[in-house]
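Hi,

Here is the structure I promised to pass on to you. Have a look at it first, and then read on for my notes.

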Amino acid sequence: AAPPLAALVEPVVVDTTLAEVGLATAPVPAPAPEVATSPDASPVEVALAEAPPPAPEPATPPPPLSAATLPGSALLRYEVSSNKLPFTVKGVFNWQQNGSAYEAQLSYSAFGFSRSQTSRGTVSATGLAPERFADKLRNEVAAHFNYPAKKVTFSANTPDVALLPGAQDRLSVLVQLGAQIAAAPERFPEGTALSFQTIGPRDGAMWLFTVQGSEHLTLPGGELPTLKLVRNPRQDYDQKVELWLAPTLGYLPARIRITEQNGDAIDQKWLATE
């Protein structure tokens, strides 16, 4: 029989679920200083290009990202609930970085069953550069980032995909998204869009988040000021992903809620930091 945890973290439809949100969730490209809307534009340049222009001045260059704009190493615990299940699931996000390399693992457990996702790579001038992303339930499937060949290969033998500048995986994207905002929060007013090529264990997709504004949350671990972002469904059967980033947690996720087209939802809330 399928483990009960699968109801929470198995991919439900197209390309998003709790475990995928990097839990799991959305957003792309990278450097092209000339035209912010070109296919090679960076996430910050895309955000600046799509945001309402405040004045007829040329946009200033985005601030560089480094270990200083990334959150320090931490272990975050979460309570995960669903309207489909009468119990909660334990979630743990273990983030480690030393300024030049990083490793992140998100794991879920309930009734002796578990699932984990792992991302590891380097820290570059533009943030995280994933090298390997793995998803393990019963068996492990992984994506490998080949930067010299500009492609991603998959252990599941699915077709390779072109590797775009600034690409992330479904776990690193959460940290990269927060690092972009932490570098210059004032550059991300309500309505700003951030987009990333996001690699999963078997394929890749473009994920887009829109800044919704500040919200104060009451969570199992206490009260936190947050910045809410939303990834709306792009096509039939896509899921809506709501993401709350907490400045006091280094802009790591304080809450993630995923809602399916039929109204079923998964809600992950911060419990504690170690």
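A definition to begin with: a residue is called buried under 20% relative accessible area, exposed over 50%, and partly exposed in between. Please also keep in mind that this is a predicted model.

With those cut-offs, Tyr147 counts as partly exposed, because its relative accessibility is 35%. You will find Tyr147 in the loop between β6 (140-146) and β7 (151-154). What does Tyr147 touch, not counting residues up to four places away in sequence? Its partners are Ala129, Pro130 and Leu163. With Pro130 there is also a polar approach: a polar atom of the Tyr147 side chain lies 2.6 Å from the backbone oxygen of Pro130. Leu164 is 17 residues from Tyr147 in sequence, and their C-alpha atoms are 9.2 Å apart.

Now for the protein as a whole. The fold contains 3 helices and 15 strands. The protein has 274 residues, and 50% of them count as buried. Its accessible surface is about 11,900 Å², with 53% of that belonging to carbon and sulfur atoms.

On the inside, the largest nonpolar core is made of 38 residues. Leu76, Phe93, Trp95, Leu249 and Trp270 have the most contacts inside this core. Strand β3 gives the most to the core, namely 5 residues. Leu249 is a good place to start browsing: leaving aside neighbours within four places in sequence, Leu249 is in contact with Pro71, Leu76, Leu224, Ala254, Trp270 and Thr273. There is also a second, separate core of 19 residues, with Val173, Phe209, Val241 and Ile256 among them. As background, nonpolar side chains in soluble globular proteins tend to be buried together.

Next, the rings. The model has 3 aromatic pairs, counting ring centres within 6.5 Å. In one pair, the rings of Phe87 and Phe111 have centres 4.8 Å apart and planes at 85°, so this pair is edge-to-face. Phe87 sits in the loop between β1 (74-82) and β2 (89-97), and Phe111 in the loop between β3 (101-110) and β4 (113-124), so the pair ties together parts that are 24 residues apart in sequence. Is Phe111 buried or exposed? Phe111 is exposed, because its relative accessible area is 59%.

One last ring to look at is that of Trp244: Arg255 lies over its face, at 4.6 Å from the ring centre.

Enjoy exploring, and best wishes!

Notes: Residues are numbered from 1 along each chain as its sequence is written. This is a predicted model: local features need pLDDT of at least 70, side-chain atom pairs count only at pLDDT 80 or more; totals for chains, interfaces and linings use all residues. Side-chain values use heavy atoms; hydrogens and water are left out. Rings of Phe, Tyr and Trp (its six-membered ring) pair if their centres lie within 6.5 Å; planes under 30 degrees apart count as stacked, over 60 as edge-to-face and the rest as tilted. Helices (H or I, at least four residues) and strands (E, at least two) are DSSP runs, numbered from the N terminus. Buried means under 20% relative accessible area, exposed over 50%, partly exposed in between (1.4 Å probe, protein chains only). A charge sits over a ring if NZ of Lys or CZ of Arg is within 6 Å of the ring centre and within 35 degrees of the ring normal. A nonpolar core is a set of buried Ala, Val, Leu, Ile, Met, Phe, Trp, Tyr and Cys residues joined through side-chain atoms within 4.5 Å. Contact means heavy atoms within 4.5 Å. A polar contact is a pair of N or O atoms within 3.5 Å; within protein, one must be able to donate a hydrogen and the other to accept it, and residues adjacent in sequence count only if both atoms are side-chain atoms. Accessible areas come from the Shrake-Rupley method with a 1.4 Å probe; for residues, only the protein chains shown count as cover.
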